[in-house]
Structures are given as structure tokens and as C-alpha cells.
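Student: I have a model open and would like to talk through its layout with you. Could we go step by step?

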Amino acid sequence: MKSHVRVAVIGGGVVGCSVLYHLTKLGWRDVLLIERSELTSGSTWHAAGGFHTLNADTNMAALQGYTIRLYKELEQISGQACGLHHVGGITLATTPERLDYLKAARAKHRYMGLETEIVGPEEIRKLSPITNTEGVLGALYDPLDGHLDPSGTTHAYAKAARMQGAEISLRNRVLELNPQKDGTWEVVTEQGTVRAEHVVNAGGLWAREVGAMAGVYHPLHPMEHQYLVTEDIPEVYQRGAELPHVMDPAGESYLRQEGRGLVIGFYEQDCEPWAVKGTPWTFGHELLPDKLDRIGHSLDIAYERFPVLAKAGIKRIINGPFTFAPDGNPLVGPMPGLRGYWAACAVMAGFSQGGGVGLTLAEWMVEGEPSRDVFAMDVARFGDYTTPPYTRAKVRENYQRRFAISYPNEELPAARPHHTTPAYAVWKSLGAVFGVGYGLEHVNYFARAESERFETPSFRRSNAFETVGAECRAVREAVGINEIHNFGKYEVTGPEAESWLNWIMAGRMPKEGRVALTPMLSPKGRIIGDFTIGRLGPQRFQVVASYGAQAYHTRWFERHLPERGVKIRNMSLRRLGFQIAGPKARELLQRVTDADVSNAAFPFLSVQRMDVGLAPAIVQRVTYTGDLGYEIYVPARFQVALYEALTEAGKDLGLTPFGMRAMMSLRLEKSFGSWLREFKPDYTAAETGLDRFISFKKNDFIGRDAAMAEKHQPPKRRLCTFVVDAADADVWADEPIWRDGKVVGFVTSGGYAHYVKKSVALGFVPVEMIKDGAEFEIEILGDLRRARLVTQALFDPDGARMRG
């Protein structure tokens, strides 16, 4: 074993071997994989080996497609067979809601280049004669789905990596991970110590233990998972062609052919976390005791759906652990707060996602950033609110929902409420219906009737539709109040604060007392943040962005922070408050402060310190509603007092609380983009219109060369707004945009704009098609709906209300 390497990958499952292979593929050859036992000694060896592309996140689905297409290339490079069976896959729908979900997935696939299709019961029977289609409305068929040999595939990755210069050390457990002052790591193993510039935690079942060596807690937990292998079945082996996979969500099962019999696995409700106290280092090629009583109900459903099972003998039962993160997606990327430590763990679907995970991590390490937005699996999507009990509760929920429909408006109940602000009790007393983001409760809307206390999960307009509309009208016609805790807030101070912010942000920093909007770009010009920055003093700035991106943005700040001259404090939960918005917002604010808040004294995009009610506050003249409005920030201990002052003063002004559902509707009327919808690393500033906030006169800033190149050679697509002739369903995201019978673009987000009474979509189309009034069609749940492109905001197009 070498004494010094560029990268030490810890873990010899399919994910670790994929990372090793992709690093060598991108040119890093001085890489070492360290495995405690033999390759495939964790979850990999007992995996069922299935692969599929279906995923609620389009980039995850694309990476799964990449993984599946990679296998043939891997076989050619390594000479090692992966045991590929591209038999296709069928996901059944037995309810209209499930069929809506599959239609929405099919629509996404159109512009992703994935050739899936919706099929009816007759076609299902042709594809899989052993499937009883009674009660089945339709299915999604994916020709890419299939299965493989887990051991052969893992060894193919390993062999290909070795052929390109990688080293693999087996039967060699890592004992310690010691960070060094120069950012490297001392990796202490049973066979000696190696110094690594980077370490990758691909520990699988032992990822928690490996993370603990580095002082890191990864929110993941192993779950027991069972599948059965049958004896030979004549209806299977006499067919002459291999059966496709069949996923039956109603029965919580997946089924595929295995030789002359079948494999059927279950994601049962009565599931069980494994190794709560930690994974034993001695565990490896064992299985867990059979627990068929847990899957009895699912087996009964399976016998009805696949009648051949009732007369088939069981050859063996597999019960083995797999690791899951709270949302079911992997944990990948550089760990915030640690130099040179990378995660590649919680990959529960290793043969669907392992290739994409390896590619992503290798691009990140070698090229500085991934080639696409991977926030859905970024380790920084979670924060320090993820305690082990929280993780177990969410992992169990996710396992139980493995085959559940992912509704865009659904709020999951496990481990809630977990994190709240002082205003939570106030909102609850007013009938608030809560959502959650980054562990923190926020108000979605305020129920006006008992029937609205729970929002019905749906792809169509929900039971909260009219109530959200009333909140929107209250803002536009009088004044509304909304909590602003779900913004990430940072205070940046020091003699070099301005120059550092000018370097890390693409826009120019504002003068004292003013506010600026600016994108933050990656070196390749991709959007990695959209910020509102208020200057509180010569060397003091308030920097505001998405609350859910705190760890993501903090990691970037720390990576580029100078050794001296700049200090950053995360104020997200120390500085809370409310926004007030609407035509009577100024009158309300003036009633609770002695400061002059007239338009002359306090114009749009201004920031001032002032007392509001009894509390010292920072007030910004800006609001995401696109109306006249203010954001009022106070120390957290004054939040309730601020609320009382505002509500008392606003009684005769029609002050109405509103939630996030209303705010996201109001922003559509101004064509305002949203983080991870319109603004994310898949897009550039010029494509989204954020280039208008870039200061190209600055000598230098991160991403300047890429942004300047795009200025001279404009993008081929741009973000636009569409008014849609919708029925009972509005767009959510990722719907294809059609013109003249072809898919020409896609939707980033949308919904119903209640005040202007229009269904609205934001999305990308080619620049040559952009013309006010241009006609398109947008596919919503399988139906093509007329859509008209508009080039002016639907509300206050000249900004007179917002700026007045």
C-alpha cells in the first residue's frame, strides 16, 4: 500500500468502486480504495440487482439513466461481464392518482430523452402474461429497466479502475481518520498509514462509523429489507423470453425473473431499523433472520396480482440491511466544515444510482463542480437539526413510502414539529397549516374551515385553493403579514468585507443604507445562489438567501474565505421577523415606528435600523410578493412582541396573515424566480435574466469569464412566463413545452396566480421563439393545454406599486 495518495476511497461496494473508476476516467490515477474485507462485503452482495430510471427529481432520473447506459461501456473496458438483463419495467397504477403520477413522470421523460410510455391493461398482459390486471388502470413502461449481477458489476468497476492506475487494498480496515493542518488526512489502517489529499466515505453500512472517525454525523440509517426467490415456475421458463420487471405500488412489491423462477421483494409498512447502536465491524457476508410475518399482508396482495406465486415453492429468503437518508436520496459531496472530506453514502439503489454518484463526485473533485444540479443528493441539503432519532423516524417513513406517490403539495408528518420559531404557537392558534423546510416549520396557509385543516395531496388544485386565493387578495387589496424565518441570513463584517463580497458575488455591493440583488456564480458561470444584500454600515452587510441552502452556501463561503479581514455569522435563527406587504403596508409601518418611512425618506431597495414597536429592528424595503412591502428583522427574543405591535396597529387596515402558498402565487404575478426552481446550477444568469444584476465593470469576480463569454455569445434558451389555459390542474415543474408537435422546452415552476386569476408557468424555450403572445402548448397530466407567452408582469408591470 502506498504511503501517499491523492484520494483514499473507503469502502469496496459498488459505490466506492464507481467513485474509484470515475476518478481514473477523469485523469486522477493516484487513487486508492481501502476495503475492510472483500469487495461487495456490505449491502452489495445481497442486493436484488434491479435498476430503473424513475425518480421524482429529473437530475436524479438523468443520472440513473447514465448509470444504466454505462454498464455496456464498463463491460467493454474491463472485459468483466455485468450480467445485464435489459428486460424493461412496468409500474402499475390502480388509482387515478397513481396514473396522474405516472403521466407526470412520462411528461418529464419527454424532454429528458427517456423513452418511456403509458400502456393500458391489454399491453401490460402482453408484456407480462403472469400479471393479473384486474383493477389496473394503466402503467408506465420503461425499456431501460432491468437487472444485473451485483458482484460482477462491482468487480467490473474495480477492474476498469485498476487498468487505469488505481490501487485497491483488501482485508484492511480503516482505524482512524486524522485531519492535518495542511488540509490532508492521515488514514490509519490495519496495514499501515497513508497520507491522502482527499478521503471519500463510501462506507455503506459502516458510513456512520467512518464519519465518526472524522467527527462527522451523517443522517443515514440501515433498514432491514426482505425479498424471496422462488423455485422454478413453468409459466416463467416456458415463455421463451425473459419477463419484464413489474412494480406494484399498491402491493408494496417489485418482481422480476430470476433464472427459471422469480424474485419478489417488499417495502412493507411494518419495517424495522437495523443496528441502531452502530454497525458491527464483524458483520459482512451474513444475512439477518427471516421475518415473514412482517410481509404477510403484502404477500397476500402479491398472490392476487401474480397468481403463479401461489403454487411456487420458495427457494430462499433474503433479509439484509440497506442504508437510507431521511429523504431516500444519496449523501454526496464535500462535507461542510471539513477540508478534503467527501461523502458518497446512503446510496440505497446502488445499481440504479452508483454510476451517477461516482461521476458526480469525480467531476466535483477533479473539475471543481458537477456538470449538473445535484442538490437532491448533496450532503449539504441537511443541517445540524438531523439528530439520530430524527434520522431514524424519517428513514422509516421514507422506507414505508418507497412506492408511495410523491405529490408536489404533500407535507410528510414524521419527526414533526422538530424545529420552530417563537411565532409557531401564535400561528397554530390562528389555524395555520404547516409545511417544513430544512427541519423548520413554516405556515403554508391558514385554514378557514375544519375541512381545510389538512391539505389534500394532489397533482390537481387542492382543498386549500380558495383559502390561498383569499390570502392573496388580502395582500393585494390591503396588507398581509408573513413570517420571514425561512430566509438564510448572514452578517458579513470586517475591513475586507466589501471586497470579499464583490469577489464572491457577481453584482456590485450597495452603498450604506441601500439593498442590492445579486446572483452568486460558480467558476463555470452556473447559478449557485440568488442573494439580497443590505449594507448596514461601512464594514457590515446583511446577506439573505434561501433558508434551505444554509449548509450549501456556508460551505462555499468557507471555501473562499480569506484568512483575515472578513467574519461571517449565520443569523438565520437569531434574526427573525415578518414581512408586511400590500398597498397599506407603509401606513402600518409608520404607525409602529418613529422613523420616517415615506417614499422620499425610505425608497425602494433601502435598509435602515429603526425601532419597530418595542423592538430594535433592521427594515428592508423589499418584498417577494412584488407589492409595496417591507421585511422587518428583529432579535429572535422580540419576535412575538413585534407581531403583537403589528397586529394591534393593523386591525383597522385589514391586516391578514398569509402563508407560503400565497407568497408563491403572488410571486408568479411578477415572474419572480425561486431558488432550486428557476435559479440553480443547471442554469446561467443570462438564461434566467439574473445577468441584469451582474456588474461587469468589476475587475474580477467568481464566474466572470463565463458570464462575459455568455454576454458576447447569448444563450440559446431563456426563461419566460406563460399564461396557461388550464382546467383543474396547474403546472408544478418539469412539464414539457410543445410547439408544432415537438417538445421545445420545459417548465421550471408555476401554479395559479390568484389575484390576476390566471394559471401561470415559468419555463425555458429557444430564444428565437420568444415573442409576446406566441402560442405554445404545455403538457399537464397527459393533456396538452394552450399556453401564451407574455413578456410583461401580470401585476404592476411598471413597478409603480412596488417602488411607489
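**Barrel, helices and hollows**

Tutor: Happily! Strand β34 (residues 742–753) and strand β35 (residues 758–766) run antiparallel and are joined by 7 bridges. Keep in mind that this is a predicted model.

Student: Which residue in β35 does S749 stand opposite?

Tutor: Stay with the antiparallel strands β34 and β35. The residue opposite S749 is in β35, and that partner is L762.

Student: What is the strand order of the closed barrel?

Tutor: The barrel has 6 strands, and their pairing is antiparallel. Neighbouring strands are turned against each other by 45 degrees on average, direction ignored. The order runs β32-β35-β34-β33-β36-β37.

Student: Which strands does helix α3 touch?

Tutor: Helix α3 covers residues 96–112 and packs on the sheet. Its direction makes about 65 degrees with that of β33. The strands touched by α3 are β33, β34 and β36.

Student: And at what angle does helix α17 run to β34?

Tutor: Helix α17 takes in residues 660–668. This helix lies across β34 and β35, and its angle to β34 is about 125 degrees.

Student: Let's move to α12. What span from first to last C-alpha would be expected for this helix?

Tutor: Helix α12 (residues 465–477) has 13 residues. The expected span is 1.5 Å times one less than the number of residues. The model's helix reaches 18 Å, close to the expected 18 Å.

Student: Which residues of α12 are buried?

Tutor: Here the cut-off is under 20% relative accessible area. Charged-looking names such as E471 and R476 appear in the list too. The buried residues are F465, T467, V468, G469, E471, C472, A474, V475 and R476.

Student: Which strand gives the most to the lining of the largest cavity?

Tutor: The structure holds 2 cavities of 30 Å³ or more, and the largest has about 60 Å³ of space. Its lining includes W427, H442, F658 and M660. Both β20 (440–446) and β21 (479–483) supply at least two lining residues. The one that gives the most, with 3 residues, is β21.

Student: Last one: which element gives the most to the lining of the second largest pocket?

Tutor: That pocket has a volume of about 880 Å³. Of its 36 lining residues, P334, W342, W364, R555 and R559 are the closest to the centre. At least two lining residues come from each of β11, β18, α9 and α14. The element that gives the most, with 5 residues, is α14.

Note on methods: Residues are numbered from 1 along each chain as its sequence is written. This is a predicted model: local features need pLDDT of at least 70, side-chain atom pairs count only at pLDDT 80 or more; totals for chains, interfaces and linings use all residues. Side-chain values use heavy atoms; hydrogens and water are left out. Two strands pair if DSSP finds at least two bridges between them. Helices (H or I, at least four residues) and strands (E, at least two) are DSSP runs, numbered from the N terminus. Axes are lines fitted to C-alpha atoms, for helices over the stretch in contact, and angles run from 0 to 180 degrees between N-to-C directions. Contact means heavy atoms within 4.5 Å. Buried means under 20% relative accessible area, exposed over 50%, partly exposed in between (1.4 Å probe, protein chains only). On a 1 Å grid over the protein atoms alone, a cavity is a set of points where a 1.4 Å probe fits but cannot get out, and a pocket is an open set with protein on both sides within 12 Å along at least five of seven lines; lining residues have an atom within 4 Å of a point. Grid points are joined across faces, edges and corners, and a volume is the space filled by probe spheres set on the points.
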